[in-house]
Amino acid sequence: MSLASWRQFPFFEGTPIKDPYYGSPDNALYSDPTISATCSTGRHIAIAVEQTRVKLINSQFEKEYEFQCYDIGWTITKLAFFHGNPGKSSNRGSTAVASNGFLVTIAERQGLPLSLKLWSLDKLLNPHYNMKKFDYNSSYHTICTITNGSNNYPMTCFTYSLDYTALTFGFSNGTVILVRGDLLHDRGSRQRVIYENKEPITSISFRDEMTLYICTVSKIFTLSTTGKNNGHWDKILDDKEGADIDCSSTYTESNNSKGRALLVARDNCFQFYNLKGKSHSIQMSIPKRRLYVYKNRYALFLSFVNSNLTESSIISSNKLIVLDMKNNYIVYN
């Protein structure tokens, strides 16, 4: 079924936002061509630029803070946000766990273990904090290094449990690494390889505290995090098709409170999975590059459109589409 045949209701409005520094001598704010990762912290948009730096942009689209996270030669490839637990104490001095939460930066450098750092947003955004003493090699809240063999294969995906005590990393050489520990309170961590194969890992998602959905380029399966699987999958959900990177997401079904379901975006459809395998699908023939699920009901995905300017000139642009999965119609296009 093509996109043109879908019922469409404009329940969402799109407002173009122009970068205030676009085309000026100043560095671009959020249209910087060096952007390598982004995330939302609830109060800010975090953007990784120039390989090792992070900008925090507030709701007025103004840069509120910028800092360097790593030595030159590293590249920040992932940003994430941890809410934290206000009121609990940290092992690092008397500072309470941040009420603004933590920014997570993950950086890679070929031949070296992957480096994950947690940064206290309360500290970074505190006007009384003495930034003259800031040192990216020591001012982080917690650091964790993840070793994957010779460290010559890039990370392809990353996720974490709801209580942040379990982190999982997928790599292009087919390795999945689980890290357990109390990173929010800097009490250390331990890591182990829970799966190895030759196929690149394209997606990792927690179904519940003990089970992961794993996607590769050609299959989808579940994997236990308890250590009882001896590096083997629990159950194959699809042995004919996998998922592209950034094209899968979990969500909570309205009739199932025991675990989350998996949604995979393919060029011809949206395919739904549970612990039994394929459950149902929604047919939609349109290229899909990136997928998010919002409030367990809306599937937000990026597609790309090619426009012919002349017979020999083609311009490609991205397009955001919002699908109401409950009623099967487009609410923004």
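Below are some exercises on this predicted model, each with a worked solution.

Residues are numbered from 1 along each chain as its sequence is written, and side-chain values use heavy atoms, with hydrogens and water left out. As the model is predicted, local features need pLDDT of at least 70 and side-chain atom pairs count only at pLDDT 80 or more, while totals for chains, interfaces and linings use all residues.

**Exercise 1. The whole chain**

Find how many helices and strands the chain has, and what share of its residues is buried.

*Step 1.* Start with the secondary structure: there is one helix, along with 24 strands. Helices (H or I, at least four residues) and strands (E, at least two) are DSSP runs, numbered from the N terminus.

*Step 2.* Now turn to burial. Buried means under 20% relative accessible area, exposed means over 50%, and partly exposed is in between, with a 1.4 Å probe and protein chains only. Of the 333 residues, 46% count as buried.

*Step 3.* Add the surface. The accessible surface of the chain comes to about 17,600 Å², and 48% of it belongs to carbon and sulfur atoms. Such areas come from the Shrake-Rupley method with a 1.4 Å probe; for residues, only the protein chains shown count as cover.

**Exercise 2. The nonpolar cores**

Work out which residues touch the most other members of the largest nonpolar core, and which elements supply it.

*Step 1.* Recall the term: a nonpolar core is a set of buried Ala, Val, Leu, Ile, Met, Phe, Trp, Tyr and Cys residues joined through side-chain atoms within 4.5 Å.

*Step 2.* The largest core has 22 residues, and those touching the most other members are Val 54, Phe 67, Ile 76, Leu 79, Leu 103 and Trp 119.

*Step 3.* At least two residues of this core come from each of strands S1 (37–40), S2 (45–49), S3, S4, S5 (75–82) and S6 (102–108), and from helix H1 (121–124). Strand S5 gives the largest share, three residues.

*Step 4.* Apart from this core lies another, of 20 residues, including Cys 144 and Phe 171.

*Step 5.* Look closely at Val 54. Not counting residues up to four places away in sequence, Val 54 touches several residues, among them Ala 46, Phe 67, Ile 76 and Leu 103. Contact here means heavy atoms within 4.5 Å.

**Exercise 3. Two polar side chains**

For Thr 142 and Asn 58, find the place, the burial and a polar partner.

*Step 1.* Thr 142 is in strand S8 (residues 142–146). Thr 142 is buried because its relative accessible area is 3%.

*Step 2.* A polar atom of the Thr 142 side chain lies 2.8 Å from the backbone oxygen of Leu 183. A polar contact is a pair of N or O atoms within 3.5 Å; within protein, one must be able to donate a hydrogen and the other to accept it, and residues adjacent in sequence count only if both atoms are side-chain atoms.

*Step 3.* Asn 58 sits in the loop between S3 and S4. With a relative accessibility of 14%, Asn 58 also counts as buried.

*Step 4.* The side chain of Asn 58 has a polar atom 3.0 Å from the backbone nitrogen of Gln 60. Beyond four places in sequence, Asn 58 is in contact with Arg 43, His 44 and Glu 64.

**Exercise 4. Salt bridges**

Describe the salt bridges of Lys 63 and Arg 266.

*Step 1.* A salt bridge is a side-chain nitrogen of Lys or Arg within 4 Å of a carboxyl oxygen of Asp or Glu. The whole structure holds twelve salt bridges.

*Step 2.* Lys 63 pairs with Glu 66, with the closest N and O atoms 2.9 Å apart. Lys 63 is partly exposed, at 45% relative accessible area, and Glu 66 is partly exposed too, at 23%.

*Step 3.* Arg 266 pairs with Asp 238, with the closest N and O atoms 3.8 Å apart. This pair links distant parts of the chain, as Arg 266 is in strand S18 (residues 261–266) and Asp 238 is in strand S16 (residues 235–238), 28 residues apart. Both Arg 266 and Asp 238 are buried.

*Step 4.* Salt bridges with shared partners join Asp 238, Glu 241, Arg 266 and Lys 278 into one network.
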